[in-house]
Amino acid sequence: MMLSPKSKRHIFISLSALLIVLFVISLVYGSVRIPIKAIWEILTGAETEKIAWQHILLQSRLPQSCTAILAGASLAVSGLLLQTLFKNPLAGPSILGITDGANLGVAAVMLYFGASLNQMTGLTTNAYLTVVLAAFVGASIVLAIIIYFSTKVKSNVILLIIGIMVGYLVSSVISILNYYASADKVHAFVMWGLGNFSGVSREQLPYFASFTLSGLVLALLLIKPLNALLLGEMYAANLGVKIKQTRFLILFCTGLLAASVTAFCGPISFIGLAVPNIARLMLGSSNHKSLLPVTLITGSCVALLCTILMVVPGSNTILPLNAVTPLLGAPVIIYVLLNRKSIQYFN
Amino acid sequence: MNKERQTVIKTEELSIGYSLKGGRQKVIHKGLNLSLYAGEVTCLLGLNGAGKSTLLRTLCGFQKSLSGAVFLQGKPLKEFSQSDFALAVGVVLTEKTNAGGITAYELVSLGRHPYTGFFGKLKEEDHRVIKESLEAVGVAHKAHQRIAELSDGEKQKVMIAKTLAQQCPIILLDEPTAFLDVTSRIETMVLLRKLAVEQNKAILLSTHDMDMAIQMGDCFWLLDKNRPIACGIPEDLILEGTFGSFFEKEGILFDVTTGKLNTEIPQKQIGVEGDFTTSYWVGNALVRNGFRPSEVSPEHINVICHSPTELSIQHPNGNKQLVNCVFEVIRNIKTKMKNE
């Protein structure tokens, strides 16, 4: 059976509603609880009794929730693009070593040149640009290597394994950089490596948003060739798709999305891998016309859910983001692997 | 009725093969002057390594020719933009797709890709063409099932429907019947014939299925390493001995009387005549048992087939036996031969 366009619309509407609910919860819930009424007052600019709440909300939670929405969507969409391009539902930016590449770029800047993201708060545009650019260059180099191998290797499984190997190589370079860096820089880098949606300040948010939103818009423009690519590159070429150009655009878009998220939030695992699978399972379709928007919005929901789960109930402790994402992601992937024979998009 | 054959693909002194490093070339075939006609099913036959795929890939535009020219409907292939080409040639490949998660309808709608705008929105006309294409291949009732839920034969039909939705005059298929069960094979070939005849498509397919090709093909292109390609209708190629020469190897012979490959051609002749169907199957049984069905002659044993249950065996010495099934015919002849 397949879902009618109507039920697809239902899924989309329910997800949007869920996104709003999660967004509100993420504003209310945290190590300090702020009542909804106060949040409403602060957001509408009315007078509030507690200045501290205002500060927490505007300087910390609101940017964090917005970052989560953008980062979740970006990672999920970049995962989907890679899965379609490599014809493998188990591809993802972290699996193919692209996140590691971005990681290396950031490591080079943070450890070698000594720029720390925290030091950059309120600093010039150039500083963010340097880190984002470094992450982008790192991601692009790994992408280029993967593309090179993808022309040599026919099997996508082999390609995935090559991606994992490239990831290890990149990690080893990062270890070397770590080894020679000073302790405080290493600490900053390790903290960054745990993943964090709160690393993006209110001042940085517009930059982050412009990078990720341009990547997401580009992805939405690629829906038509992505669908043709479901048939494979030769069929797509026969349908008039300019393969080289499309491949480049898809990889550029993936690089932009994964690199900007990694630069600002650290290497975040599992969202890029798991969310497209969740979206396909919900929709029961791999038609990108519905799959891409649903993946995007599901990514935002999952990222918001992670920020909520990061707060340990009844305490002031906040878990690292990368401790939470596998809790949501790994079971999905295991489910998909166990049921791959009966899941249509695998066949 | 005597219509001129309409050429849609023409090659002139075409060389196919691969460019190797250092500017050297590995030529697989050269000097090809081929014509593909509208309204006909042309079968590309040859053993593995004969260059079938290379030729198909060259005609599909996936691989550059080494020299010479290909003309599609009179226009050189080189002048085709990718989107123009999509309107001229539709392909069905052996490449594994990743389309299990979309419906048959959605897959066929991809055939409208060259016609739709930037966002791929389907217009009323597109929906009409998609529905017609699904109906033409006989899977309209499965339109809204996902590809993964279809049988291999149905999947192949959907891929063919995709080329119909492309509305192109030429369809190239790479081994469309491989991996299909016997009924799906026949259905696919009958469908391709129907499309050639009813929609005047030019269809070129590569296949290893010789029986099916002889049965359904209007024209053959025979390929082999190190010799020129041979073209013609199957019967002419078989009767003039060309067909056999392409497949005969050490220990493998082509039997021109049966149109089948065999390890040896039986020499001991048995005359067969009578009811057409019965004689055909008596002949089949004789070949399997090492005899050669031939015309009736007083010099050897003859089988006169009155009906499937009335067969008489006439021996050269004038003896006659009446039997009621093919099994008995064979048993009698074998016993007789053993005694001699």
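How many helices and strands does the secondary structure of chain B come to? In this predicted model, chain B comes to 11 helices and 18 strands, whereas chain A has 14 helices and zero strands. Read from the N terminus on, the elements of chain A therefore form an unbroken run of α, written α-α-α-α-α-α-α-α-α-α-α-α-α-α.

It helps to begin with chain A as a whole. Along the principal axes, its C-alpha atoms fill a box of roughly 65 × 55 × 35 Å. A compact globule of 347 residues would have a radius of gyration near 20 Å, and because chain A has 20 Å, its value agrees with that expectation. Buried residues make up 48% of the 347 residues in chain A. When contacts with a separation of 6 or more are considered, 79% of those in chain A are made by residues 24 or more positions apart.

Chain B can be described in a parallel way. The C-alpha trace of chain B spans about 80 × 50 × 40 Å along its principal axes, and of its 340 residues, 38% are buried. Residues 24 or more positions apart account for 61% of the contacts in chain B with a separation of 6 or more.

Within chain B, a good place to look is an open sheet of six strands, which follow one another in the order β7-β8-β9-β4-β10-β11 with mixed pairing. The strands β7 and β11 (230-232) of chain B stand at the edges, and because each has a single partner strand, one side of each is left without a neighbour in the sheet. From one strand to the next, the twist averages 15 degrees.

Starting from the edge at β7(B), the reader can follow the pairing across. β7(B) and strand β8 (residues 170-174) of chain B pair in the parallel sense over four bridges, and B:Val92 stands opposite B:Leu173 in β8(B). Helix α5 (residues 152-165) of chain B packs on the sheet here, touching β7 and β8 of chain B, and its direction makes about 170 degrees with that of β7(B). Another helix, α6 (residues 182-199) of chain B, lies across β4 and β9 of chain B and runs at about 155 degrees to β9(B).

Strand β4 (residues 41-46) of chain B deserves a slower look. Five bridges join β4(B) to strand β9 (residues 202-207) of chain B, and the two run parallel; β4(B) also pairs in the parallel sense with strand β10 (residues 219-223) of chain B, again over five bridges. The residue B:Leu45 shows both pairings, since its bridge partner in β9(B) is B:Thr207, while its bridge partner in β10(B) is B:Leu222.

Are the residues of β4(B) buried or exposed? Six of its six residues are buried, and the strand is mostly covered. In a regular strand the side chains alternate between the two faces of the sheet. In β4(B) both faces are covered, with B:Val41, B:Cys43 and B:Leu45 buried on one side and B:Thr42, B:Leu44 and B:Gly46 buried on the other.

Two residues of chain B have backbone angles worth checking. B:Glu13, which lies in strand β1 (residues 7-19) of chain B, has a phi near 45 degrees, a positive value in a residue other than glycine. B:Glu13 is exposed, because 12 other C-beta atoms lie within 10 Å and a residue with 12 or fewer counts as exposed. B:Phe179, whose place is in the loop between β8 and α6 of chain B, has a positive phi of about 70 degrees although it is not a glycine. With 13 C-beta neighbours inside 10 Å, B:Phe179 counts as partly exposed.

The two chains also meet one another. In this complex, 28 residues of chain B are in contact with 24 residues of chain A. On the side of chain B that touches chain A, α2 (82-88), β7 (89-92) and α3 (104-110) of chain B each supply at least two residues, and α2(B) gives the most, with three residues. The residues of this side of chain B divide into 12 nonpolar, 11 polar and five charged.

Finally, the reader should consider how confident the predictor is. The complex is given an ipTM of 0.85 and a pTM of 0.86. Chain B averages a pLDDT of 90, with 99% of the residues scoring at least 70. Confidence in chain B is lowest in strand β13 (residues 260-262), at a mean of 81, and highest in α3(B), at 96. Where pLDDT is low, the predicted coordinates should not be read in detail.

How values were computed: Residues numbered from 1 in each chain as written. Chains lettered and ligands numbered in written order. Contact = placed C-beta atoms within 7 Å. Nonpolar A, V, L, I, M, F, W, Y, C, P; charged D, E, K, R; others polar. Buried ≥ 20, exposed ≤ 12 C-beta atoms within 10 Å, placed from the backbone. Rg over C-alpha atoms; globule rule 2.2 N^0.38 Å. pLDDT = per-residue confidence, 0-100. Axes fitted to C-alpha atoms, helices over the stretch in contact; angles between N-to-C directions.
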